[in-house]
Amino acid sequence: MTAILSEARIYDDLAEFYQLWRDACLGRKASESDEVKFLLEVFASSKSVKSVIDLGGGTGVHAIPLAKHGFDVTILDKSPNAISIARRNFSEIKTVQSSFETMVLTRSFDASICMLSSFTYILDEPGRKHFYRWLSDHTRDLLVLDQGNFSRYPKTFNDRFQGEDKHFSLKVARDWYIEDRTKHTSFLYEFVDKASEAAKVLADEQVQRYVTIEELVAYLGKGWRLVALLGDYNLKHIFDEQSSPRMICVFKRVRD
Ligand SMILES: C[S@@+](CC[C@H](N)C(=O)[O-])C[C@H]1O[C@@H](n2cnc3c(N)ncnc32)[C@H](O)[C@@H]1O
């Protein structure tokens, strides 16, 4: 086995492996269809949702199925690789390459979604203010903001995952520590090409700052009401701080 240790980012250099990584780390291969079903149910609560922006939509895990359901979907993501994979997988998908912290898209959308903690990658306060101001100004009706239920996370943690697809097997070692609601995660990935048995070991790092409900409400301002606080991708799963895996806020625009 030849081990080459170098740095790589799962959302960008390794975006080709994002699906395998997601399956391995979330440990529930079928969850994407539940997530899409959940989004469809949320949209069904508002008759007006036709256009959707998927912020941090990456390779199109949610955006592509939503587009196939007839929604006019745009992915915004800072990763050029992820976006080109999304377009390769579904040529009709609209994409914008941009960072949340500096996005200047002028178009508005009926709904904005931000799944799998993507907004927690904004690390500075001016960036967060810019992002939530954009959301508030450019979303006509519904916001779905999904992050992990960070109140359950231990201060330090490590775990190991594995997964495989047709061509590769993947072992993931994940270690994190949390300080001031900021999670610093180091990953080690071992990819093995099933055909050649060649192995590659890569290191990745992520920093995320989780956002409280009170902060979200304050960032969005007066025009929004929190209409559902859910603990998983299921409208019946009411958020419980002690036990829920997710903390999903659904906001609806309040009209005077
Ligand atoms: C956890 S992944 C989520 C991908 C997809 N939404 C999902 O649910 O599987 C986070 C995504 O956010 C993107 N991202 C992270 N920081 C970003 C930023 N500051 N601006 C724009 N996109 C960002 C990454 O490139 C990645 O595609």
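Visitor: What makes one say that the ligand sits in the largest pocket?

Guide: In this predicted model, more than half of the ligand's atoms lie within 2 Å of the grid points of the largest pocket, so the ligand sits in that pocket. Local features need pLDDT of at least 70, side-chain atom pairs count only at pLDDT 80 or more, and totals for chains, interfaces and linings use all residues. Residues are numbered from 1 along each chain as its sequence is written, and side-chain values use heavy atoms, with hydrogens and water left out.

Visitor: Why is this space called a pocket and not a cavity?

Guide: On a 1 Å grid over the protein atoms alone, a cavity is a set of points where a 1.4 Å probe fits but cannot get out, whereas a pocket is an open set with protein on both sides within 12 Å along at least five of seven lines. The volume of the largest pocket, the space filled by probe spheres set on points joined across faces, edges and corners, is about 740 Å³.

Visitor: Which residues line the largest pocket nearest its centre?

Guide: Its lining has 36 residues, and Y11, D77, K78, S118 and Y121 lie nearest the centre; a lining residue has an atom within 4 Å of a point. Strand 10 gives the most, with four residues.

Visitor: What makes the pair formed by Y18 and the ligand a polar contact?

Guide: A polar contact is a pair of N or O atoms within 3.5 Å; within protein, one must be able to donate a hydrogen and the other to accept it, and residues adjacent in sequence count only if both atoms are side-chain atoms. An oxygen atom of the ligand is 2.5 Å from an N or O atom in the side chain of Y18, so this pair qualifies. A ligand nitrogen atom is 3.3 Å from a polar backbone atom of K78, and a polar side-chain atom of E101 lies 2.9 Å from a nitrogen atom of the ligand.

Visitor: How much of the ligand does the protein cover?

Guide: The protein covers 97% of the 590 Å² of accessible area that the ligand has on its own, by the Shrake-Rupley method with a 1.4 Å probe.

Visitor: What is the volume of the second largest pocket?

Guide: The second largest pocket has a volume of about 520 Å³, and L26, Y153, R174, K183 and R246 lie nearest its centre among 22 lining residues.

Conventions
Helix = DSSP H or I, 4+ residues; strand = E, 2+ residues; numbered from the N terminus.
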